[in-house]
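Got the viewer open? Let's take a walk through this one together, one selection at a time.

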Amino acid sequence: MNLLTTTKNLLKVMDNNYKSRFINIQFLLIVASVLEIVSISAIPLYIGANQNLDKVKELSILPHWFSILDESTMIVIGGGTVLLILFFSSLTSIYSIWKIANFSNSLGAQIGNQLFTNYMHKSWKFHSNVDSN
């Protein structure tokens, strides 16, 4: 089976609570992916900005106080910003993995309970005709 068919079959088994949690987790994964891209992109930008600090100081989009700072302070501020972005991105990834683990464990338990209830309500003939091996 392909991924789309498996997802459709899984959505048929889920109740509305699990479907909404599934959609929330998908949204969280998209946010985490975008943050990962931003955090990885921040590293070469930081390196490039450190190589051309004079041009960075001349940019008109930066606040006026930024052009007053010396080079070492700019490097520290830029590095701290990159580390903050990486930290926030990592926290988002950790949180999304934790949510996925909780969701999958909860969904597995719910599907197991549904199967058990289904088999317990079957007639004696069903159980006597099914080979237990």
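Start by selecting helix α2, then look at what lies over its buried residues: the cover includes α1 (3-13) and α5. Keep in mind as you go that this is a predicted model.

The buried residues of α2 are Y18, F22, I25, L28, A32, S39 and A42, so give those a colour of their own. The helix itself takes in residues 16-51, 36 residues in total. From the first C-alpha to the last it reaches 54 Å, close to the 52 Å expected at 1.5 Å a residue.

**Zoom out for a moment**

Show the whole protein chain as a cartoon. What does its secondary structure come to? You should find six helices and zero strands, so reading from the N terminus the elements run α-α-α-α-α-α. The chain has 133 residues, and 17% of them count as buried. Switch on the surface if you like: the chain exposes about 10200 Å², with carbon and sulfur atoms supplying 67% of that area. One more number for the overall view: take the contacts with a separation of 6 or more, and residues 24 or more positions apart account for 67% of them.

**Next selection: helix α5**

Pick residues 71-120, which is helix α5. Its 50 residues reach 73 Å from first C-alpha to last, close to the 74 Å expected at 1.5 Å a residue. Which residues of this helix are buried? Colour M74, G79, V82, S89, T92, S93, S96, F103, L107 and Q110.

**The rings**

Now show side chains for Y18, F22 and F103, which ring pairs link into a cluster. A search of the whole structure finds three aromatic pairs. One of them is Y18 with F103, a tilted pair with 6.0 Å centre to centre and 55° between the planes. Y18 lies in helix α2 and F103 in helix α5, so this pair ties together parts that are 85 residues apart in sequence. Are these two rings buried or exposed? Y18 is buried, with a relative accessible area of 9%, and F103 counts as buried too, at 8% relative accessibility.

Stay on F103 and turn towards F22. Here the ring centres are 6.2 Å apart and the planes sit at 40°, so this pair is tilted. F22 is in helix α2 and F103 in helix α5, so the pair ties together parts 81 residues apart in sequence. Both F22 and F103 are buried.

**Along α5: I100**

Select I100, which has its place in helix α5. How does I100 sit with respect to the surface? It is partly exposed, with a relative accessible area of 32%. Leave aside the neighbours within four places in sequence, and I100 is in contact with I25 and L29. Try a distance label too: the C-alpha atoms of I100 and Q26 are separated by 9.5 Å, although these residues are 74 apart along the chain.

**On to S96**

Move to S96, in helix α5 as well. Why does S96 count as buried? Its relative accessibility is 4%, and buried means under 20%. Show what touches it: apart from neighbours within four places in sequence, S96 is in contact with L28, L29 and A32. Two of your coloured α2 residues turn up here, since L28 and A32 are among those buried in that helix.

**Then I75**

Jump to I75, also placed in helix α5. Its relative accessible area is 32%, which makes I75 partly exposed. Draw a line from its C-alpha to that of N50: the two atoms are separated by 6.6 Å, with these positions 25 residues apart along the chain.

**Last stop: a patch on the surface**

Finally, turn the surface back on and select L115, Y119, F126 and V130. Together they make a nonpolar surface patch of about 350 Å². Click on Y119, found in helix α5. Y119 is partly exposed, with a relative accessible area of 42%.

Definitions and conventions: Residues are numbered from 1 along each chain as its sequence is written. This is a predicted model: local features need pLDDT of at least 70, side-chain atom pairs count only at pLDDT 80 or more; totals for chains, interfaces and linings use all residues. Side-chain values use heavy atoms; hydrogens and water are left out. Helices (H or I, at least four residues) and strands (E, at least two) are DSSP runs, numbered from the N terminus. Buried means under 20% relative accessible area, exposed over 50%, partly exposed in between (1.4 Å probe, protein chains only). Contact means heavy atoms within 4.5 Å. Accessible areas come from the Shrake-Rupley method with a 1.4 Å probe; for residues, only the protein chains shown count as cover. The expected span of a helix is 1.5 Å times one less than its number of residues. Patches are made of residues with over 30% relative accessible area and no salt bridge: like charges are joined within 9 Å, nonpolar side chains (Val, Leu, Ile, Met, Phe, Trp, Tyr) within 5 Å. A salt bridge is a side-chain nitrogen of Lys or Arg within 4 Å of a carboxyl oxygen of Asp or Glu. Rings of Phe, Tyr and Trp (its six-membered ring) pair if their centres lie within 6.5 Å; planes under 30 degrees apart count as stacked, over 60 as edge-to-face and the rest as tilted.
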